[in-house]
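Good morning, colleagues. I would like to take you through one model today, beginning with its strands and ending with its aromatic rings.

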Amino acid sequence: SRFTPHVDVAETEKEFEIQFHIPGMKKEDIQIDVNNDRLTVSGERKLHNEKNEKNFHSVESYYGTFSRSFYLPDNVNTEKIDAAYKD
């Protein structure tokens, strides 16, 4: 299955910031690619089965794969693109 994470996009005088809200994901499950003028962030959020085999009555968290792409403005220096991960 697929899901679409919530994303905040902000701009200052010197930079653009794209913040993904993907709770429960590990850094190694996220891929970031820049190709020409397009930034793509993708990954997979997996549902881990608990050893005690919980009987869920409701699951409102999103699981599966995602991919979001953004076209970068002409004035973006792709050599200076940086990423950070906060757990």
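I shall describe the sheet, then one residue within it, and then the ring contacts.

A word on the basis first: this is a predicted model, in which local features need pLDDT of at least 70 and side-chain atom pairs count only at pLDDT 80 or more, while totals for chains, interfaces and linings use all residues. Residues are numbered from 1 along each chain as its sequence is written, and side-chain values use heavy atoms, with hydrogens and water left out.

Let us start with the sheet. Strands here are DSSP runs of E with at least two residues, numbered from the N terminus, and two strands pair if DSSP finds at least two bridges between them. An open sheet of three strands has the order β3-β4-β5, and its pairing is antiparallel. β3 and β5 are the edge strands, each pairing on one side only. On average, neighbouring strands of this sheet are turned by 15° against each other, direction ignored; the axes behind that angle are lines fitted to C-alpha atoms, and angles run from 0 to 180 degrees between N-to-C directions.

How many bridges join β4 to β5? Eight bridges do so, and β3 (residues 30-35) pairs with β4 over six bridges. In the hairpin of β3 and β4, two residues lie between the strands, and Asn36 takes a positive phi near 60°.

Strand β4 (residues 38-45) deserves a closer look. Six of its eight residues are buried, so the strand is largely enclosed by the rest of the structure; buried means under 20% relative accessible area, exposed over 50%, and partly exposed in between, with a 1.4 Å probe and protein chains only. On the β5 side, Thr40 has Ser69 as its bridge partner, and Arg45 has Gly64.

Ser42 lies in strand β4 and is the bridge partner of Gln31. Ser42 counts as buried, at 16% relative accessibility. Leaving aside neighbours within four places in sequence, Ser42 is in contact (heavy atoms within 4.5 Å) with residues including Asp29, Ile30 and Phe66.

Phe66 brings us to the rings. Rings of Phe, Tyr and Trp (its six-membered ring) pair if their centres lie within 6.5 Å; planes under 30 degrees apart count as stacked, over 60 as edge-to-face and the rest as tilted. By this rule there are three aromatic pairs. The rings of Phe3 and Phe66 have centres 5.5 Å apart and planes at 55°, so this pair is tilted. Phe3 lies in the segment before β1 (6-11) and Phe66 in strand β5 (residues 64-71), so the pair ties together parts that are 63 residues apart in sequence. Phe3 is buried, with a relative accessible area of 9%, and Phe66 is buried at 2%.

Phe20 and Phe66 also form a tilted pair, at 6.3 Å centre to centre with 40° between the planes. Because Phe20 lies in strand β2 (residues 16-21) and Phe66 in β5, this pair ties together parts 46 residues apart in sequence. Phe3, Phe20, Phe66 and Phe70 form one aromatic cluster.

Finally, I return to Arg45. Its charged end sits over the ring of Tyr63, 4.8 Å from the ring centre; the criterion is CZ of Arg, or NZ of Lys, within 6 Å of the ring centre and within 35 degrees of the ring normal.

Methods. Helix = DSSP H or I, 4+ residues; strand = E, 2+ residues; numbered from the N terminus.
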